[in-house]
Amino acid sequence: MSADTPLKTAARVACVAPSPPRAVFDLASTLDDVVDLTLGDPDLPPPENVREAACKAVMAGRTRYSANAGLRELRQAVAADAERTLGIPVDPETEVVITVGAMEASFLTLYSLLEPGDEVVIHAPYWINYSQVVRSLGATPVFVYTRPEEGFRLTAEALEEVLTPKTRLVILNSPNNPTGAIIPEKTLARIAELAFERNFAVLSDEIYDSLVYDGKKSSSILSIPGMKERSVLINGVSKRFAMTGYRLGWAIAPAPLAAQMTKMQENIVACAPLPAQYAAIEALSPRTDASFIREEFQRRRDVLVQGIDAIPGLKCLPVPATFYAMADISGSGLGAEEFVYRMLREVKVATVFGPAYGGELYRNFIRIAFTVKEERLKIALERMGNFMASLKS
Ligand code: PLP
């Protein structure tokens, strides 16, 4: 397209690079018999009663628009769920916005908060959407790099070093995509102190809080007194109930911000899809037991970590949560990008290269999403072993 066409894209869109996980996924889908470990899309079905609730809503014609903030009954369910898990009061009338996935919740938050020139601190490795949206809004992502040798654990000291008078927002993602790392409670407490001292807001993306293994739990910064008033909590049903395609999430935000987000919702999607809202009400009800999802991913985690560690030249980092593992591929002698594309072409296993999530510090890592059945995971491990052996010979 020539430069003077009226359809030239705006700079705020042109500055957004295509997502590398999607690029590998797209290439993988053109090849036969690939074991695809690229996307964080669980292969399990949602609990049966949840699927039934979605079907019932469709058949009963409960398929019109809802209020921009979402169905009152769903907002009440979200507020009750947050009160139970975080121990904080949440007003369903003014503090909950139901969105099209956690993705839209995080977009709406950033869109409603940021001014051009604001700095937004993001801990790396990070979920790519944050930096893309921040850049697109003319704000500046500032990265604080966590290190593989420290289990990718964020420290408050490292975060403090990158704060400036322009820091408007800190994004926390715990448990983290792509590393599975959990921010310890003590670190959250120190970050909260910094938030008061340096006057920044927090976006806390806790979409993986139900996928914490070995009987442990993650903590939320919103549970710390005073933090709810300067934070936005992002969550949804995608990972907890294996409902990615329902596209249903939410934000819990202080009332004035939630009101602005709700106003913008009318201009973006009006409301989240109604059958998905009804399904989410059922998912959050006491009738739903989704513990099988965590149990299944914990079993797969064990298979994957042991399997990777058994392959000469590969080493898996511990995976305390999520369905992602970071594997150290330095023993291959290849950079992560070359490793990923060669492994895809030569043995048909698709993964994502570490630098996609935060640059060269992660060049020795690939992210593996264990969102396929155990048999397929075992096939992937065998193929990865063959690939590593072929590099040696
Ligand atoms: N936040 C993080 C950290 C994610 O990894 C993802 C999806 O992979 C999302 C949010 C988006 O979730 P949803 O499907 O609810 O939009």
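How far is an oxygen atom of the ligand from an N or O atom in the side chain of Lys239? In this predicted model, the separation is 2.8 Å.

The ligand site comes first in this report. Around the ligand there are 14 residues, and those that come nearest are Ala102, Asn177, Asp205, Tyr208 and Ser238. Two of the residues just named, Tyr208 and Ser238, also appear in the table below, together with Lys239. Each row gives the distance from a polar atom of the side chain to an oxygen atom of the ligand.

| Side chain | Ligand atom | Distance |
|---|---|---|
| Tyr208, N or O atom | oxygen | 2.7 Å |
| Ser238, polar atom | oxygen | 2.7 Å |
| Lys239, N or O atom | oxygen | 2.8 Å |

Taken alone, the ligand exposes 400 Å², and 95% of that area is buried by the protein.

The backbone is the next topic. Asn177, one of the residues that come nearest to the ligand, is joined to Pro178 by a cis peptide bond with omega near 25°. Pro178 sits in the loop between strand 5 and helix 8. Another cis peptide bond links Ser174 to Pro175, and its omega is about -5°. Pro175 is placed in the loop that runs between strand 5 (167-173) and helix 8 (185-198).

A further backbone feature is found at Arg247, which has a positive phi of about 55° although this residue is not a glycine. The loop that holds Arg247 lies between strand 7 (231-236) and strand 8 (249-252).

The last topic is a pair of helices. Two packed helices are described by the angle between their axes and by the distance between those axes. For helix 3 (residues 48-59) and helix 10 (residues 274-283), the axes come within 8 Å and cross at roughly 145°. The crossing of helix 3 with helix 10 is right-handed. On the helix 3 side the contact involves Asn49, Val50, Ala53, Ala54, Ala57 and Val58, while helix 10 contributes Pro275, Tyr278, Ala279, Glu282 and Ala283. By class, the residues of this contact are nine nonpolar, one polar and one charged.

Definitions and conventions:
Residues numbered from 1 in each chain as written. Predicted model: local features only at pLDDT ≥ 70, side-chain atom pairs only at ≥ 80, totals over all residues. Heavy atoms only, no water. Axes fitted to C-alpha atoms, helices over the stretch in contact; angles between N-to-C directions. Helix = DSSP H or I, 4+ residues; strand = E, 2+ residues; numbered from the N terminus. Left-handed = near helix turned anticlockwise from the far one by under 90°. Contact = heavy atoms within 4.5 Å. Nonpolar A, V, L, I, M, F, W, Y, C, P; charged D, E, K, R; others polar. Near = heavy atom within 4 Å. Polar contact = N/O pair within 3.5 Å; in protein donor to acceptor, adjacent residues only side chain to side chain. Areas by Shrake-Rupley, 256 points an atom, 1.4 Å probe, with all protein chains shown as cover.
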